[in-house]
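Let's take a walk through this structure together, one feature at a time. Keep the sequence and the 3D view side by side as you read.

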Amino acid sequence: MPQAAGHYKCPACGASLTFGSQSQELECASCGNSFPLDTMEQLESVQVENTTDDQLQWQYAGGGGYTQEEAAHLRAYRCQACGAEIITDETVAATECVYCGNPSVMPQVFSGAYRPDGVIPFQKSKKQAQEALRNHCKGKKLLPKGFMDENRIEKVTGVYVPFWLFQADAEADCTYKCTKVSHHRQGNYEITKTSHFLVRRGGHLGFNQVPVDGSSKMDDTLMESIEPFDSDKADAFNTAYFSGYQAQRYDVDADACQPRANERIRASVAAAMRATVMGYATVAPMNTQIQLQHGKVRQVLMPVWMLNTRWQDKTYTFAMNAQTGRFVGDLPVDKGAFWRWLLGLGLGIGAVGTAAAYLLFNMGVL
């Protein structure tokens, strides 16, 4: 039997409520009212919805079904607005009903060890994300015509992505082989003097909340490119933030993400140590010792606006940090426009060269 999916209804008119990135409250698009999250929690605690299950069992004569492996990763929920069954994979915690379009929240997905330690609410609206996408594409003369149609822009989706935040102290001991080069003239000879130095640097650095994406569905490089998030502004976990957005629980645990966190911390330590070695002609690392200790980790859901779209059999992904507004994404290139531009550039350079040669010829240089 499908479990019931959470659905926040307006106390005034009964319409669906969605979390507003500007007001930081649950808003009703139907009557215009808005409600603080703690108010809705108090209201829910005194309301009990009576539901009944139909006891009639229908026989299905069709063939086929989910394999045992497929079924193990699927979950069924019942939309509280229209009663339809929602099928999702086991990591989806918030989505919308494909039949009535109302937001549905499945808080049980975050039960037990999957419960996040915090959540950063959406600060940037869908309208702002759409405008950022338009600006990202603006002025791109080689962008194919039709790529930026409104139907494509409407597909921008808000997603809460699970991140692991790692905290650690790093002790560094680094040695570099360095040189200084000087030149002077002695009679008819140019003398080059190279001095060699052994430079050692050591220090202690503290790292707080180094993020690593905990979802296998999200490209790690893409998620890192929209950093940083200000995780100090994370609120206590509350499923009301999910209304009107999608949300996923982690499917890559902290232990599996730890090597990436260690790699990022060590790279930062090495760069910080190298930056202190100045005034040398060459600097070559000889030995780098970095020890990590006092490690801690917690899980926070980060807000991201996403667009996955296909153009000529290739998928293009765009992402925006919904806290800071940082936007990234690759764009397709119209090959016909590219070759026309390249031809025009070549003709332009050729015309300039011909004019310069003609001028030099008239001046008697050539």
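Helices (H or I, at least four residues) and strands (E, at least two) are DSSP runs, numbered from the N terminus. The model is a predicted one: local features need pLDDT of at least 70, side-chain atom pairs count only at pLDDT 80 or more, and totals for chains, interfaces and linings use all residues. Residue numbers start from 1 along each chain as its sequence is written, and side-chain values use heavy atoms, with hydrogens and water left out.

**Unusual backbone spots**

Start in the loop between β2 and β3, where you will find Q24. Its phi is near 60°, a positive value in a residue other than glycine. Q24 is partly exposed, at 26% relative accessible area; here buried means under 20%, exposed over 50%, and partly exposed in between (1.4 Å probe, protein chains only). Q209 also has a positive phi near 60°, but Q209 belongs to strand β11 (residues 189–213) and is buried, with a relative accessible area of 15%. For context, most residues other than glycine have a negative phi, and most peptide bonds are trans. A cis peptide bond joins E227 and P228, with omega at about 10°. P228 sits in the loop between α5 and β12.

**Helix α3 and the cores**

Helix α3 covers residues 126–137, which makes 12 residues. From its first C-alpha to its last it reaches 17 Å, close to the 16 Å expected at 1.5 Å a residue; the expected span is 1.5 Å times one less than the number of residues. Which residues of α3 are buried? They are A129, Q130, A132, L133 and C137. Seen down the axis of α3, these buried residues fall within an arc of 155°, so they line one face of the helix. The arc is taken over the directions from the helix axis to the C-beta atoms. After the helix comes G139, whose phi is positive, near 80°.

L133 turns up again in the largest nonpolar core, where it is among the residues with the most contacts, together with Y160, F242 and W305. A nonpolar core is a set of buried Ala, Val, Leu, Ile, Met, Phe, Trp, Tyr and Cys residues joined through side-chain atoms within 4.5 Å. This one has 35 residues, and β2 (17–19), β3 (26–28), α3, β13 (282–311) and β14 (314–321) each supply at least two of them. Another core, of 21 residues, lies apart from it and includes A168, A172, F207 and C257.

**Aromatic rings and cysteines**

Rings of Phe, Tyr and Trp (its six-membered ring) pair if their centres lie within 6.5 Å; planes under 30 degrees apart count as stacked, over 60 as edge-to-face and the rest as tilted. The whole structure holds 13 such pairs. In one of them, the ring centres of F19 and Y241 are 4.9 Å apart and the planes are at 80°, so the pair is edge-to-face. F19 is in strand β2 and Y241 in the loop between α5 (220–225) and β12 (246–248), so to speak a link between distant parts of the chain, 222 residues apart. F19 is buried at 3% relative accessible area, and Y241 is buried at 9%. F122, Y160, F237, F242, Y245 and W305 form one aromatic cluster.

K180 is worth a look too. Its charged end sits over the ring of F197, 5.5 Å from the centre, and K180 also lies over the face of Y280, at 5.2 Å from the ring centre. The rule asks for NZ of Lys or CZ of Arg within 6 Å of the ring centre and within 35 degrees of the ring normal.

How many disulfides are there? With a disulfide taken as a pair of cysteine sulfur atoms within 2.5 Å, the count comes to 0. C28 is buried at 5% relative accessible area, and C178 is buried at 0%.

**Two loop residues and their distant partners**

Finally, compare these two loop residues.

| Residue | Loop | Relative accessible area | Partner | C-alpha separation | Sequence separation |
|---|---|---|---|---|---|
| E154 | between α4 (150–153) and β10 (157–186) | 45%, partly exposed | L307 | 9.2 Å | 153 residues |
| D219 | between β11 and α5 | 46%, partly exposed | T317 | 9.5 Å | 98 residues |
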